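Reader: Please take a close look at one loop and its surroundings, and then work outward from there. I would like the contacts, the burial and the aromatic geometry in one connected account.

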Amino acid sequence: MNALIILIPVTLVLIGFATALFFWAVNHDQFQDLDTPEVLPLMDYTPGPETCFPETKELHP
Amino acid sequence: MTTDDAVWTRPALLSQVLRARHDGRTEVTLHVAALDDARRTIGLQQYLESLAGVVRVRADIHARRLRIAFDANRIDLPHLLQACTACACPARPLRHECLDASEQRAANESLKRLAVAGLFTMQAMMFALVLYLGVIDAVDAATLALFRWLEMLAATPVIGYAAVPFFRHAWADLRAARAGIDAPIALAVVMIYAASVFNTVRGAGHIWFDSAAMLVFVLLLGRHLELRARCRHQAVNHAASDAVPLLATRRNTRGQFERVAALELMPGDLVRVSEGSVVPADGILQSAHARLDASHRDGESRARAVHHGEPISAGCVVLDASIELVVTHAGSEASAMRTQRLAADAARQRARTDHASPGVGHFVAGVLGLAAATGAFWLWHDPTRAFDSVIAVLVVACPCAFALAMPATLTRAMTVLARHGIVLTRPRALAALACIDHAVIDKTGTLTRPMLDPENVEIFGRCTRAQALSLAGTLVRGSSHSVAQAIAHADPGAGPATATASNIEVSAGGGLRGRINGRPLTLGRAGFACPGRADDGATWLTDADGPLACFHLTEGLRSGARDTVRALRISNIGVHLASGDHRARVAAIASRVGVEHWLARQQPADKYRLVRDLQAAGHCVVAIGDGSNDAAALAAADVSVSLAGATDLARRHADLLLGDDLGQLILARDVAIRAMRIAGQNRRWGLTWNIVAIPLAACGLISPWLAALGMSLSSLCVVLNALRLSHPPTVIEPPRPFTPTAGPSA
């Protein structure tokens, strides 16, 4: 039963920490835009109008 | 419409779009119509964040909005707009009043509660497992007591924080003496929790913390999904209303009229508003008289007559001819009023879907009565089972699944429609759309698009072709009728800059009259412009001495017109074509499109009567028009549909807003039919579950945890069943028989 006396408070502290972290994430709009970041791993170039929007090439001298 | 970026250096305008954040930075929200692709959005986001001075960029792809937090000392708004344009995503700043984040905030709150409920329910169930093992005498009494207290500790945040919305709604219902669906849940949860706490403190007896926590969690899950969908719907509505910015036609310093954004108007500007358009700012009327529709204020579309010198408020719709007014207050309230109206509509709909029907009220009252009766019976017969039975009855009889059936399906249907670019402004219209059996379609501007080739102008020797075109173009400038727009397109615009038409009178279905430099001119149908001449379908321009020119407009069919009519007829929907145009034209279009019942020379009152007659015969009517002379018919129909390019008046009153393609109507109808079928399934499932389980619970055969599990699962089933509604499958046409083309020798 000694294990329980340590593990149960540890569990409760972890849960409390997880809840606090979740609240922080929701307050900072982390769950707001779930659609656009999905292409992030596919992008391997530095962002700029020439690379992201090649159709604008003629606009840039 | 392009706005000169230098306009955004004016402090008066900047204050309307920029806001100061609590950390000293400035924030602006932009509407970017090109944000339909994740790749573009991320590219734009990363490019903007790489600019010096930009702190953070957040994108909402459904609402097509971009929120930029930047340091005002290092970069300013015109540079941001230029950066967006450089990425081929032109952006337009939005005013504060257009931003309504209430649904988003509600969804965030709900997510927090759901997370707390989920995490702590799992803890409570984990501790409860030990107690279930304790039934087999594997654990000693001291540990059992410890775990009871731990379970209570784990379940308290669920009841005390996550379940609060239920208590709040139940309390509000109680105060309003109304029986809502939250009452049995709130009562059951409170009773379970109180009894369990009592038993824990006492040290003996059953506890049901895990049941209560699980119940709360699953119900919150269902509500959260619904709220997320509503949020998505609000975002799509924002995108639709932002995309049509309130424009105004203002006379500039050179005397010409130019189109600018309504929020750029300054006091003292002279603004012209064409018929069917929304007044962009408060002002004083300069024209002789005007008739306005002030329905944004009082909800009824009753025309109000206003005379020269009287004030007009922003947001009114002009019913008669174009008017001119001098701005007194900068164009601030109109878009705000539009958004407020949308928001008020949404709030009213929410209130209506939350307390779905009076049937629910009776059902809940019956349930509470039955619970009391069960308790009384068991207290008399066998008191030990009384509490369990009462709790089981309350939990099982709660009509949550039944009440969730319609809203879950409606919100899912709206999301599916939005993905195709169709905006459903009134969810109740979906039920009507599923059972339409007659369609009344307007011709000009809806089925067809009039076009004028400058070569097709016939002149009579009193003026040149270009002069006739410029006179007609000046006369129709600002009119929103599709014929007028076709003429305005063909006009090269090389006329004298200061020529303006005054004293414009519009005759619905006939044409318009006006004066240019004192010369009276009439533009319209043959019978209207030259009295005595037979109607030949062309548009005539005449002055006091006789005809000047005759414009032969051709009509192009809108994309999808023929297929849509064919699909409607295949579904046994009677198609009626009602047009104000000339018989031969209407007959030609009707045969091209395949419509059997057509009526020509219809005044707006005739179209209205047609709709009313069909409805009196018991039919459900859908009216499709562009609002230029069928506003009354659109308002009277069961479902009103307007396409892109319709007048502001039509889009304001329409239930369904389509894009450019008429075929979207068939798609919307398919989605509506499926949605109603799924909603019916959900309702039947909810009712069956309740009816079967209540007697079992009253007899004490269902324990509280089983009741909670069953109720949660049935609610979840309803929501998941609603998710089955998806895009209709693409129709695979049978292959056309192969006809060999003529060989090279032919």
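Author: The starting point is Asp35(A), which lies in the loop between α1 (2-27) and α2 (49-52) of chain A. The model is a predicted one, and every value below is computed from it. With a relative accessible area of 27%, Asp35(A) is partly exposed. Once neighbours within four places in sequence are set aside, Asp35(A) is in contact with Ala38(B), Ile61(B) and His62(B).

A further set of contacts between chains A and B involves Leu111(B), which has its place in helix α4 of chain B. Leu111(B) touches Phe22(A), Val26(A), Phe31(A) and His224(B), not counting residues up to four places away in sequence. Its relative accessible area is 16%, and the cut-off for burial is under 20%, so Leu111(B) counts as buried. Leu111(B) and Arg228(B) are 117 residues apart along the chain, yet 9.3 Å separates their C-alpha atoms.

The aromatic geometry comes next. Over all chains, the count of aromatic pairs comes to 8. One of these joins Phe22(A) and Phe31(A), with 5.1 Å from centre to centre and 40° between the planes, a tilted arrangement. Both of these residues are among those touched by Leu111(B). Phe22(A) has a relative accessible area of 22%, so it is partly exposed, given that burial requires a value under 20%. Phe31(A) is partly exposed as well, at 35% relative accessibility.

In chain B, the rings of Phe377(B) and Trp378(B) have centres 5.5 Å apart and planes at 70°; angles over 60 degrees count as edge-to-face, and therefore this pair does. As for burial, Phe377(B) is partly exposed, with a relative accessible area of 41%, whereas Trp378(B) is buried, at 6%. Together with Trp380(B), Phe377(B) and Trp378(B) form one aromatic cluster.

Two rings also have a charge placed over them. The charged end of Lys112(B) sits over the ring of Phe23(A), at 5.4 Å from the ring centre. The charged end of Arg113(B) is over the ring of Tyr161(B), with 5.0 Å to the centre.

On the surface, Leu129(B), Tyr132(B), Leu133(B), Trp705(B), Leu706(B), Leu709(B) and Leu713(B) form a nonpolar patch, and their accessible area together is about 660 Å². Two elements of chain B, α4 (102-134) and α24 (704-723), give two or more residues to this patch. Helix α4 is also where Leu111(B) is placed. The largest share of the patch, 4 residues, comes from α24(B). Trp705(B), one of the patch residues, is found in helix α24 of chain B. At 43% relative accessibility, Trp705(B) is partly exposed, because the exposed class begins over 50%.

Some totals for chain B give the setting. Chain B has 24 helices and 29 strands, and buried residues make up 53% of its 746 residues. Among contacts in chain B with a separation of 6 or more, 67% are between residues 24 or more positions apart. The accessible surface of chain B comes to about 32,800 Å², and carbon and sulfur atoms account for 58% of that area.

Definitions and conventions: Residues are numbered from 1 along each chain as its sequence is written. Chains are lettered from A and ligands numbered from 1 in the order in which they are written. This is a predicted model: local features need pLDDT of at least 70, side-chain atom pairs count only at pLDDT 80 or more; totals for chains, interfaces and linings use all residues. Side-chain values use heavy atoms; hydrogens and water are left out. Rings of Phe, Tyr and Trp (its six-membered ring) pair if their centres lie within 6.5 Å; planes under 30 degrees apart count as stacked, over 60 as edge-to-face and the rest as tilted. Buried means under 20% relative accessible area, exposed over 50%, partly exposed in between (1.4 Å probe, protein chains only). A charge sits over a ring if NZ of Lys or CZ of Arg is within 6 Å of the ring centre and within 35 degrees of the ring normal. Patches are made of residues with over 30% relative accessible area and no salt bridge: like charges are joined within 9 Å, nonpolar side chains (Val, Leu, Ile, Met, Phe, Trp, Tyr) within 5 Å. Accessible areas come from the Shrake-Rupley method with a 1.4 Å probe; for residues, only the protein chains shown count as cover. A salt bridge is a side-chain nitrogen of Lys or Arg within 4 Å of a carboxyl oxygen of Asp or Glu. Contact means heavy atoms within 4.5 Å.
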